[in-house]
Amino acid sequence: MKALMSVGALIGVIGLLVLIGMILGVVPSNTVKLVEGYMPMQMLSELAIFVAGFTGISYLMSSMGMPLPRFWQGVLFWVFIWMYLKYRVYPPIPFSVRAMYGTVTFVAVFMWVSANEEDWKKFKQPIINVLDANTGFHKALRTLYLILLPILIGGFSFLSMKPSTEEPIELRTVHPAPPASTKVHGKTYTLQTSQNPYRVNPEGKYDQEYSNKLIVEQGMGRLMAPNANPWDEKAEGYLKYVREGGEIFFQNCHFCHGDNLNGRGLHAFAFNPIPANFTDPGTIAQLQETFIFWRVAKGGIGLPNEGFPWASVMPPWEQHLTTDEIWKVILFEYWHTGYYPRTWD
Amino acid sequence: MSKLRTNVKPTLAIGAALGAFLFSGSMIGIGHAADLPEGFVKGELAPAPPAEMIEAGKRVYFTKCVWCHGVDGAGDGPGADRLWPRPRNFNQGTFKIRHTASGELPLFNYNEKVPDSNKNDLLDTVTHGLPGSAMPPWEGILTEEQRLQVLSFVTTQLVKDRKFTDKQSETQTILQVGTIKPLEATEESLKKGAELIVEKKCIECHGVEGRGDGNAFNLKDDWGFSIQPADWHKCWNFRGSRQDPYNVRNIFRTFSTGVNGTPMPSFADNTTVEERWHIANFVNSLCERDAEGKPLGIDPLTDKPKINFVVPSSPIEGEISDDPENEMWKKQGRRYVAMGGQITHKPRNFVNRIDDIWVKSLYNEKNVVYLIQWDDRTKSVAEGKLPWAPTQVNVENFGVKEQPPKTGEEGSIAAAQNNYAVYNDAIAFQFPIKWQEIPAPFKPRYLFGDAKFNADILKWEADGSLRSFKGTGWDQDFEERDDFEEKVKLMKAEWKNGRWTVMISRPLKGDKDDYDEYTRFDVGKYIPMVFFAWDGHNGDAGRKMAVSAFYYTILEPPTPQEVYIYPAIIAVGVVILEGWMLTRRANKKKGKSL
C-alpha cells in the first residue's frame with residue numbers, strides 16, 4: 001500500500017512541478033504536448049494521474065505525521081483545477097466557460113468534504129478556529145483576514161468593472177443544416193441522392209466497397225494502405241482520381257487547410273475562425289459527401305445565417321473549379337484522412 | 001518531452017565529450033583540430049538505412065510529401081509553383097538547415113531517433129518543419145519511426161547526385177552547437193554584434209536595420225529562383241528556428257554553417273566563435289518584442305505570434321501627434337495583425353509578401369488616428385499614371401491576372417517574381433457602414449462589403465494619395481466619396497530601411513451625423529475592421545493583395561467614476577458583514593458558555 005502510494009505521490013509531485021514550471025515559463029511550455037485529435041482523452045488521463053498523485057501525497061503526509069487539513073486539501077484541489085483549466089487547456093477557453101467548470105468543481109469539492117458528519121467537522125474546523133481566535137496565532141490570522149478580505153474583494157471587483165477590450169465571443173454553428181438541393185454550374189444536385197461519381201472501381205462502376213478498401217489506415221500517422229499508391233502509373237479508377245483530387249487540393253486548398261488537412265496551412269494563421277481541420281473526427285467524418293460538395297461549391301458566402309457566412313473566407317469554389325474537380329477533391333480528402341463519408345441510411 | 005530532453009542532453013554530451021577527450025587525448029593530436037574552423041569537430045558518415053526502412057519510407061513519401069516535393073523529389077509537385085519559397089529539390093542533396101560545414105550533406109542517421117539532439121539535422125527539420133515556408137512540423141502527424149523511414153527513402157532514392165555514405169566524396173564537419181556555451185547578450189555583446197554585422201557585410205543583403213531589404217532583387221538560389229534575405233525582425237519566420245524562434249543557438253548555427261543552395265554563406269572561416277555569438281545575440285535582439293522587451297508569445301498552433309483580434313483606441317486630450325516616437329504613441333500598445341494572401345477571388349494572391357502589420361490607434365473628441373507599420377523590402381511607386389482608375393477593383397482586363405500553376409520553371413510564378421510591373425505599395429482598411437443597424441455578430445462580407453451592407457474603405461497608396469471609397473461587394477468597383485476625402489488626413493507616410501510607417505486620421509462623426517454614407521464611431525462599441533495591404537513589387541493591384549481576418553476596433557471609454565465608487569462600497573460592505581459575523585459568533589459562544 002505504502003509503495004503504491006509513494007509512486008502516486010512521486011507522479012503527483014513531478015506532474016505538479018512540470019505544470020507549474022510550464023506556467024511560469026521555467027520549463028518550456030510545450031514540454032508535455034497536447035496530442036492533436038486525442039486532447040480530451042489526454043486531459044482526462046492527466047487529471048486522473050494528478051488525482052492519484054494527490055491521494056498519494058496526502059497519504060504519505062499523514063503517514064509521516066503531518067496530515068494536511070481537509071480544509072486545505074479542498075482549497076488546493078480547487079485551485080489546481082482552476083490553474084489546469086486556465087493554463088493547460090489549449091486553445092484557451094473563455095472565462096465564462098472556466099467559471100462554469102470552476103463552479104462545478106466547487107460543488108464537487110463541497111460534496112467531497114461534506115460526505116459525512118466527521119469529514120464536514122474536520123473541514124469546518126480551520127474556519128471555526130480562525131473565527132474563534134482562541135490562540136495568538138489564530139488571532140493574528142483573523143486580523144489578517146479581516147483586513148485582507150475587503151481589500152481583495154474590492155480589488156477584484158475593481159478589476160472586473162474596469163472596461164476591458166476583450167474580443168467579443170461569437171458562437172457559430174459549424175455544421176449548419178444543408179439545403180435539400182443545390183445548383184452548381186447550372187445543374188441541380190439533390191443532396192439526398194447525389195453520389196460522388198469518382199468512387200468507382202477499375203471498371204468504372206460506382207463501388208463504395210472498393211474505394212473503402214483502398215482508403216488509408218486509420219489512426220495517427222495516417223498512411224496509404226499497402227499497394228495503394230495513387231502515384232503508381234498503373235493506378236486506375238478510384239486511386240487515379242484520388243491523385244487528381246490531391247493535385248487540385250495542393251494547388252488550391254492546402255494554403256488554408258494545410259498539408260495534413262488539419263487546418264494549419266500557410267495562410268491559416270491570419271484567419272478567424274481558422275480553417276476546418278479535416279483530421280478532426282468532428283468534421284468530414286461526420287458528414288455526407290454531398291454536404292461537403294455543397295460547402296465546397298458555395299463557400300463561406302453560401303452559408304445560411306447561423307453559420308456566419310460573413311466570417312468565413314472560404315471561397316465559393318464553383319468560381320474556380322469544375323464540378324468534377326470538386327468531387328475529386330472530396331474523394332482525396334476522405335482518402336487522405338482515412339475517414340469514410342457518412343451515408344444517408 | 002522533446003524540449004526537456006534538449007536541456008538534459010547538452011549536459012550529457014559535455015560529459016561524454018569530456019570523457020572521450022580524456023580517454024583519447026593522447027591519440028588525437030590537438031594540431032589535427034586546428035585545420036577545422038573554430039567550434040567544429042570531424043564527424044563520421046552514418047551507416048546506410050536498411051532496405052525495409054526505405055520501402056516503408058516510400059509509402060510515407062507518396063502519401064505526405066509527393067504533393068509538393070514531386071514524384072522524383074525535384075521540388076516540382078502539383079503544389080510547388082504556388083509556394084514561395086518553393087519546395088526543396090532533393091536531387092542535388094542541397095539542404096538548408098544543418099550542423100555541418102557549408103556545402104556538406106546534413107546529418108542524417110536512421111538510428112538516431114531523438115529530435116533536437118543536434119545529431120540528426122533532417123529529423124529535426126521534418127519534426128519541426130521550416131517556419132515561414134509551407135513545410136509544416138510533422139511531429140504528431142508522423143511517428144518518429146515514420147519520419148526516419150521517409151528520410152531513409154529521400155536520402156537514398158531522391159538525392160541522386162550525391163551519396164550520404166560515400167566516404168570518397170563526402171566529409172562531415174560538425175558544429176558543436178549543443179556544447180558551446182552561448183555568450184550572454186550583454187549590452188557590450190550587442191554593441192560588438194552591431195559593429196560586426198557591418199564589418200562582415202551582413203547588412204549588404206539583410207539591410208541596415210535587418211529587414212532583409214538590402215540587395216533584395218539580385219539574389220537567386222541554386223536553381224535560379226529569386227530569393228530574399230531573412231527579415232531579422234520576424235524570427236518566427238526563420239526557417240531554422242525549430243519552433244523556438246527566440247533561441248539564439250539557432251541563429252548561431254545558421255550563421256556558422258550557412259544556408260546551402262542560397263547566397264547565405266558560412267561565416268565559420270572568417271569569424272571566431274565569440275564573434276559569432278555577438279552577431280547571433282545582436283540579430284536575436286532585433287526580433288520584435290513586447291513593450292517590456294519580452295519575447296512575443298508564440299501560438300503553438302501556428303508558430304506565429306499570438307493574435308488578439310481587438311485593435312483598441314485610447315482617448316487623448318487635445319491634438320494627436322504625427323510623430324510615432326511621441327510619448328502618447330509610445331505608451332499605446334500595438335497589435336499584431338496577421339495577413340494572408342487574398343485567395344478567395346480571382347486574381348488570387350498565393351505569394352503574398354506582406355504577412356503581418358502592426359497597428360496602434362488613438363482618438364480625441366474629433367478624430368480617430370491609425371498608425372500602421374509593416375515591413376516591405378522595397379519601396380514601390382508606380383512610374384507614370386496607372387492604366388486603371390483608383391476606384392477600379394476589377395483590373396484583370398489590364399493584365400493583373402491569376403497565373404495558372406506550372407510544374408516546369410519556364411513561365412512559373414516563381415520565375416515571375418521580381419519581374420512584375422511595379423505598382424504602388426498601398427494599405428487600406430474598411431469598416432461596415434451602418435454597423436449600428438447590423439445585429440451583432442453579423443458583419444458585411446470581409447472583402448469590400450456586400451450589396452446590403454456597404455463598406456467604408458480608406459485606401460492610402462505610395463504615390464501619396466489617401467482616398468475614401470464605398471465598397472459594395474468583392475466584384476464591384478469602388479465608388480469614390482469625394483466629400484469625405486476632405487475630412488480624412490494623411491498624417492505621415494514614410495518608407496525607411498524596409499519599413500513603412502503610415503498614419504491616417506479620420507473623423508469620428510460627420511457634419512450631420514449622417515451614417516448612411518460613412519462609418520460613425522461610438523465610444524465603447526466594437527466596430528468590425530479589416531485590413532488590406534498591397535506590395536507594389538509583387539504585382540499587387542486590385543484584388544491581388546494581402547488581407548486580414550475581421551478584427552474589431554474599439555474606442556476605449558475613459559474609465560467611468562463608478563469603477564472607483566462601487567468597489568469601495570463593496571469593500572465597506574464586506575467589513576460590515578465581517579463585523580456582523582464575528583458579533584453573531586461571539587454571542588452564540590457566550591450563550592453556550594452560560
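## A tour of chains A and B

Start inside. The largest nonpolar core has 168 residues, and B:Tyr61, B:Ile357, B:Tyr370 and B:Phe531 touch the most other members. Helix H3 of chain B, residues 51–69, supplies the largest share of this core, with 9 residues. Keep in mind that this is a predicted model.

**Stop 1: B:Phe531.** Select B:Phe531 and show what surrounds it. Leaving out residues up to four places away in sequence, B:Phe531 touches B:Val311, B:Val337, B:Met339, B:Ile357, B:Val359 and B:Ile372, among others. Its list of contacts also includes B:Ala428, B:Phe429, B:Ala546, B:Val547, B:Ser548 and B:Tyr551.

**Stop 2: another core.** Apart from the largest core lies another, of 10 residues. Pick out A:Leu19, A:Ile81, A:Tyr84 and A:Val89, which are among its members.

**Stop 3: where the chains meet.** Color chains A and B separately. The contact takes 83 residues from chain B and 76 residues from chain A. About 7000 Å² is buried between the two chains, and carbon and sulfur atoms give 66% of that area. Now select B:Arg59, B:Trp67 and B:Leu301. In chain B, these three lose the most area to chain A, together 11% of what that side buries.

**Stop 4: charged and polar pairs.** How many salt bridges are there between chain B and chain A? The count is 1. Select B:Arg585 and A:Asp132: they form a salt bridge, with the closest N and O atoms 2.8 Å apart. Between the chains, 11 residue pairs are in polar contact, both residues being at pLDDT 80 or more.

Next, show the elements of chain B on this side. Helix H1 (2–24), H3, strand S5 (310–315) and helix H13 (562–593) are among those that each supply at least two residues touching chain A. Strands S6 (335–338), S7 (340–341) and S18 (551–555) do so too. Which element of chain B gives the most? H13(B) does, with 14 residues. By class, the side of chain B that touches chain A has 49 nonpolar, 16 polar and 18 charged residues.

**Stop 5: B:Asn89.** Finish in the loop between H3 and helix H4 (121–128) of chain B, where B:Asn89 sits. Is B:Asn89 buried or exposed? B:Asn89 counts as buried because its relative accessible area is 12%, and the cut-off is under 20%.

Zoom in on its side chain. A polar atom there lies 3.0 Å from the backbone nitrogen of B:Asn91. The backbone oxygen of B:Ala74 lies 3.5 Å from a polar atom of the B:Asn89 side chain. Not counting residues up to four places away in sequence, B:Asn89 touches B:Gly73, B:Ala74, B:Gly75, B:Thr94 and B:Trp223.

How values were computed. Residues are numbered from 1 along each chain as its sequence is written. Chains are lettered from A and ligands numbered from 1 in the order in which they are written. This is a predicted model: local features need pLDDT of at least 70, side-chain atom pairs count only at pLDDT 80 or more; totals for chains, interfaces and linings use all residues. Side-chain values use heavy atoms; hydrogens and water are left out. A nonpolar core is a set of buried Ala, Val, Leu, Ile, Met, Phe, Trp, Tyr and Cys residues joined through side-chain atoms within 4.5 Å. Buried means under 20% relative accessible area, exposed over 50%, partly exposed in between (1.4 Å probe, protein chains only). Helices (H or I, at least four residues) and strands (E, at least two) are DSSP runs, numbered from the N terminus. Contact means heavy atoms within 4.5 Å. Buried area is the accessible area (1.4 Å probe) that two parts lose on being put together, summed over both. A salt bridge is a side-chain nitrogen of Lys or Arg within 4 Å of a carboxyl oxygen of Asp or Glu. A polar contact is a pair of N or O atoms within 3.5 Å; within protein, one must be able to donate a hydrogen and the other to accept it, and residues adjacent in sequence count only if both atoms are side-chain atoms. Ala, Val, Leu, Ile, Met, Phe, Trp, Tyr, Cys and Pro count as nonpolar, Asp, Glu, Lys and Arg as charged, and the others, Gly among them, as polar.
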